[in-house]
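Me: I would like to go through a single protein chain by way of questions, with each reply arguing towards one name or one value.

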Amino acid sequence: MEELFVRQVDIGVADMDIEVDDRLTTTRVVVERATATDRHGGKDRELLLVYGAAETKAVAEALQRASELAGH
């Protein structure tokens, strides 16, 4: 597993084509674009994370809980 430190995050909504039962369908997803670097200060990395709309609330809640724990 690679450890990256996120410096900037942009979040938006996009339509994405996915295959379901051998047919293409369009679904709306939440997209997170992150700029990160490794612990040694190497070259910036661009990451694109895609979340299904149903999973987004759980991810947001987990991030909020972790942020609160890290702040203490």
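The turns below take up the sheet, the helix, the salt bridges, the surface and the backbone of this predicted model.

Me: In which order do the three strands form the open sheet?

Reply: The pairing between the strands is antiparallel, and β1 and β2 pair in this sense over 16 bridges. The edge strands, each of which pairs on one side only, are β1 and β3. The order of the open sheet is therefore β1-β2-β3.

Me: By what angle are neighbouring strands of this sheet turned against each other on average?

Reply: The sheet in question is the open one of three strands, with antiparallel pairing. With direction ignored, the average turn between neighbouring strands of this sheet is 25°.

Me: Which residue of β2 stands opposite L4?

Reply: Strand β1 covers residues 4–20 and β2 covers 23–38, and these two strands pair in the antiparallel sense over 16 bridges. The residue of β2 that stands opposite L4 is D38.

Me: What angle does the direction of helix α1 make with that of β3?

Reply: Helix α1, made of residues 53–70, packs on the sheet and touches both β2 and β3 while doing so. Between the direction of this helix and that of β3 the angle is about 115°.

Me: How many residues apart in sequence are the parts that the pair D44 and R7 ties together?

Reply: The side chains of D44 and R7 meet in a salt bridge, with 2.3 Å from N to O. D44 lies in the loop between β2 and β3, whereas R7 belongs to strand β1, so the pair ties together parts of the chain that are distant in numbering by 37 residues.

Me: Is R7, the strand partner in that pair, buried or exposed?

Reply: D44 has a relative accessibility of 37% and counts as partly exposed. For R7 the value is 53%, and because exposed means over 50%, R7 counts as exposed.

Me: Which residues do salt bridges with shared partners join into one network?

Reply: R33 in strand β2 forms a salt bridge with D10 in strand β1, 23 residues apart, and the closest N and O atoms of this pair are 4.0 Å apart. The side chains of E46 and R33 meet in a salt bridge as well, at 3.1 Å from N to O, and since E46 lies in strand β3, this pair ties together parts that are 13 residues apart in sequence. R33 takes part in both pairs, so the residues joined into one network are D10, R33 and E46.

Me: What relative accessibility does E46 have?

Reply: R33 is partly exposed with a relative accessible area of 44%, and D10 counts as partly exposed at 36%. E46 likewise counts as partly exposed, and its relative accessibility is 46%.

Me: Which element gives the largest share of the nonpolar patch?

Reply: M16, I18, V20, L48 and V50 form a nonpolar patch on the surface, with about 380 Å² of accessible area together. The elements that give two or more residues to this patch are β1 and β3. I18 lies in strand β1 and counts as partly exposed at 30% relative accessibility. The largest share, three residues, comes from β1.

Me: Where is the place of D22, a residue with positive phi?

Reply: D21 has a positive phi of about 50° although it is not a glycine, and D21 counts as exposed at 70% relative accessibility. For D22, which is also not a glycine, phi is near 65°, and D22 is exposed with a relative accessible area of 72%. The place of D21 is in the loop between β1 and β2, and the place of D22 is in the loop between β1 and β2.

Me: Is T35 buried or exposed?

Reply: The place of T35 is in strand β2. Leaving aside its neighbours within four places in sequence, T35 is in contact with F5, V6, R7, Q8, D44, R45 and E46. Its relative accessible area is 10%, and because the cut-off is under 20%, T35 counts as buried.

How values were computed: Residues numbered from 1 in each chain as written. Predicted model: local features only at pLDDT ≥ 70, side-chain atom pairs only at ≥ 80, totals over all residues. Heavy atoms only, no water. Helix = DSSP H or I, 4+ residues; strand = E, 2+ residues; numbered from the N terminus. Buried < 20%, exposed > 50% of the residue type's maximum accessible area, 1.4 Å probe, protein only. Pairing = 2+ DSSP bridges. Axes fitted to C-alpha atoms, helices over the stretch in contact; angles between N-to-C directions. Contact = heavy atoms within 4.5 Å. Patch = residues over 30% accessible without salt bridge, like charges linked within 9 Å, V, L, I, M, F, W, Y side chains within 5 Å. Areas by Shrake-Rupley, 256 points an atom, 1.4 Å probe, with all protein chains shown as cover.
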